[in-house]
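Q: Got a minute to walk through this one with me? I'd like to start with how the pieces pack.

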Amino acid sequence: MFAEEWPLMMFTLISQLAIGSFIMLVLIRSMLAKKDALSAQRLTSFGFLAVGPIMALALFFSLFHLGTPMGAYRSILNLSSSWLSREILTAGLFFVLWFATYKAYQKENAGNALGWITSLVGLLTIFSMASIYSSSIRPAWSNAHTFIAFFGATLVLGYAGTMALIGHIVKGQTLSAEAMAALKKVGYAAAVALIIPLIYLPVYFGNLNSGDAAAQASSMLLSGSYLIPLVLRWVLSLIGVMMLINVIVKQSKGAKTLPANSILLAVALILVGEFIGRYVFYASAVSIMIG
Amino acid sequence: MAQLGFYYDMTICTSCKVCQIACSDKNDLEVGTLFRKVHNFEGGKFPKPWAYNLSMACNHCAEPKCTKNCPTGALYKREKDGIVMFDEEKCIGCKLCTWSCPYGAPKYIESKGKSGKCNFCVDLIDAGEQPACVDACQMRALEFGDIEELRKKYGNTADIKGLPESGITHPSITITPNKEAMK
């Protein structure tokens with residue numbers, strides 16, 4: 001499975017990391033804009049720079065999925081009905097708008113509107129991406145679960161990415177109380193984004209179990225061969241997100257610095273958790289077709 | 001002309017697979033890639049075992065998911081007879097058609113980096129001939145024509161055991177099933 005689908009695993013994970021990080025950075029910037037404009041700029045400027053190359057890397061990986069990569073430009077020729085065309089168009093648009101936003105945000109007093117528009121286009125990219133899988137003939141994918149999982153992963157990966165980027169740039173520096181409060185808030189948002197797919201998991205299993213033979217086969221894979229990876233995925237993701245929130249809560253009461261090592265460890269746990277989750281997503285999808 | 005389709009008579013098919021071979025020959029397919037495949041189903045136990053065959057190619061669906069999902073428009077329905085056509089020039093090898101077809105008709109061909117599928121032997125049909133599979137069948141188990149005419153003649157059965165639900169894409173096929181294959 002991995003030999004065949006690694007480009008798509010990388011593309012979906014890394015583009016969700018880029019889009020999620022962008023959204024989290026816009027949230028932090030807008031929360032701090034009035035109270036502490038200096039921190040808003042200092043915390044987010046490196047992050048806003050990094051999102052573009054990360055997105056470019058994701059798009060680069062997607063080329064390896066194609067049998068004829070030189071024809072990639074033709075992937076946007078069927079916008080009227082193909083979610084794949086829409087995904088590539090919105091992903092490209094996100095990349096262009098990222099550049100505009102990055103340029104605009106080099107000025108401290110630039111408004112947040114452009115950031116929100118770019119975030120919206122990013123969310124449309126994720127929606128299109130999930131729609132590709134949900135319009136397939138694999139019951140494990142043609143399900144609300146795909147949307148919940150992809151949007152959840154976007155925000156959780158975004159939180160991890162943002163914390164890593166901010167942690168890198170403010171190493172050893174003392175942050176303002178407002179900055180710590182903003183980081184705390186995006187942490188809670190990420191926790192909600194992590195918990196909702198976990199709560200939905202029993203519903204997902206229920207749908208698969210009451211579905212056709214292919215759906216039941218997927219359910220058996222998830223509760224059989226892929227049970228240990230699935231459990232590991234949730235344990236790692238939960239520990240990672242809780243560790244990050246714990247660091248911020250502790251530090252906002254105390255020294256108000258970000259300990260680089262704990263942050264990197266937590267981010268690594270989240271990335272590995274999401275990676276395993278995505279692996280299971282691809283590996284457990286059984287097709288309804290004959291032979 | 002309306003929608004073209006296939007008729008398959010399971011009750012006389014002997015699974016000789018000459019349709020499969022004629023198709024592979026006509027389309028010059030490499031070993032391992034089949035645009036038409038004869039599937040074999042078996043079950044029951046002594047003294048009442050049963051078996052049936054199912055010859056399947058592209059069903060040129062009325063509402064195909066492959067043409068809808070294909071990002072380049074390489075897969076499209078021909079206006080005059082509803083054949084699901086494939087334009088190899090446009091295909092980029094994204095494999096989404098193979099995730100979209102409930103019948104597994106489009107195949108990804110690694111050596112080309114592109115997909116391929118049954119096009120109803122459109123060159124033969126346009127020259128007034130029959131598709132290679134229909135021509136080759138020694139039991140006359142395969143027919144082709146206006147699907148509405150075929151349904152009038154043979155009934156309208158596209159839902160049999162082993163096939164996904166016809167409601168997904170409305171395939172242009174009708175089958176005379178063995179009793180074990182009936183839903």
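Q: Which strands does helix 6 of chain B lie across?

A: Keep in mind that this is a predicted model. Helix 6 of chain B, residues 147-154, lies across strand 1, strand 8 and strand 9 of chain B.

Q: And what angle does helix 6 of chain B make with strand 8 of chain B?

A: Helix 6 runs at about 125° to strand 8 of chain B.

Q: OK, what's the strand order in that open sheet of chain B?

A: The order is 8-1-9, so to speak from one side to the other, in an open sheet of 3 strands with mixed pairing.

Q: Which strands stand at the edges?

A: Strand 8 (142-146) and strand 9 (173-176) of chain B. Each has a single partner strand, so one side of each is left without a neighbour in the sheet.

Q: How much twist from one strand to the next?

A: The average is 20°.

Q: In what sense do strand 1 and strand 8 of chain B pair?

A: Antiparallel, over 5 bridges, with strand 1 covering residues 4-9 of chain B. As one example, B:Phe6 in strand 1 has B:Phe144 in strand 8 as its bridge partner.

Q: Switching topic: what do strand 2 and strand 3 of chain B form?

A: A hairpin, with 2 residues between the two strands. Strand 3 spans residues 48-56, and its pairing with strand 2 of chain B is antiparallel over 9 bridges.

Q: Which residue does B:Gly43 stand opposite?

A: B:Trp50, in strand 3 of chain B.

Q: Now the chain A side of things. How many residues of chain B are in contact with chain A?

A: 27 residues of chain B, and they meet 22 residues of chain A. On chain B, strand 2 (37-45), helix 2 (65-69) and helix 3 (96-100) each supply at least two residues of the side that touches chain A.

Q: Which element gives the most?

A: Helix 3 of chain B, with 3 residues.

Q: How do the residues on that side of chain B divide?

A: Into 14 nonpolar, 9 polar and 4 charged.

Q: Last one, the largest nonpolar core: which residues touch the most other members?

A: A:Val156 and A:Ala160, out of 136 residues in that core. Helix 1 of chain A, residues 2-32, contributes the largest share, 15 residues.

Q: And what does A:Ala160 touch, leaving out residues up to four places away in sequence?

A: On that count, A:Ala160 touches A:Gly240, A:Val267, A:Ile270 and A:Leu271.

Technical notes. Residues numbered from 1 in each chain as written. Chains lettered and ligands numbered in written order. Predicted model: local features only at pLDDT ≥ 70, side-chain atom pairs only at ≥ 80, totals over all residues. Contact = placed C-beta atoms within 7 Å. Helix = DSSP H or I, 4+ residues; strand = E, 2+ residues; numbered from the N terminus. Nonpolar A, V, L, I, M, F, W, Y, C, P; charged D, E, K, R; others polar. Pairing = 2+ DSSP bridges. Axes fitted to C-alpha atoms, helices over the stretch in contact; angles between N-to-C directions. Core = buried A, V, L, I, M, F, W, Y, C linked by C-beta atoms within 7 Å. Buried ≥ 20, exposed ≤ 12 C-beta atoms within 10 Å, placed from the backbone.
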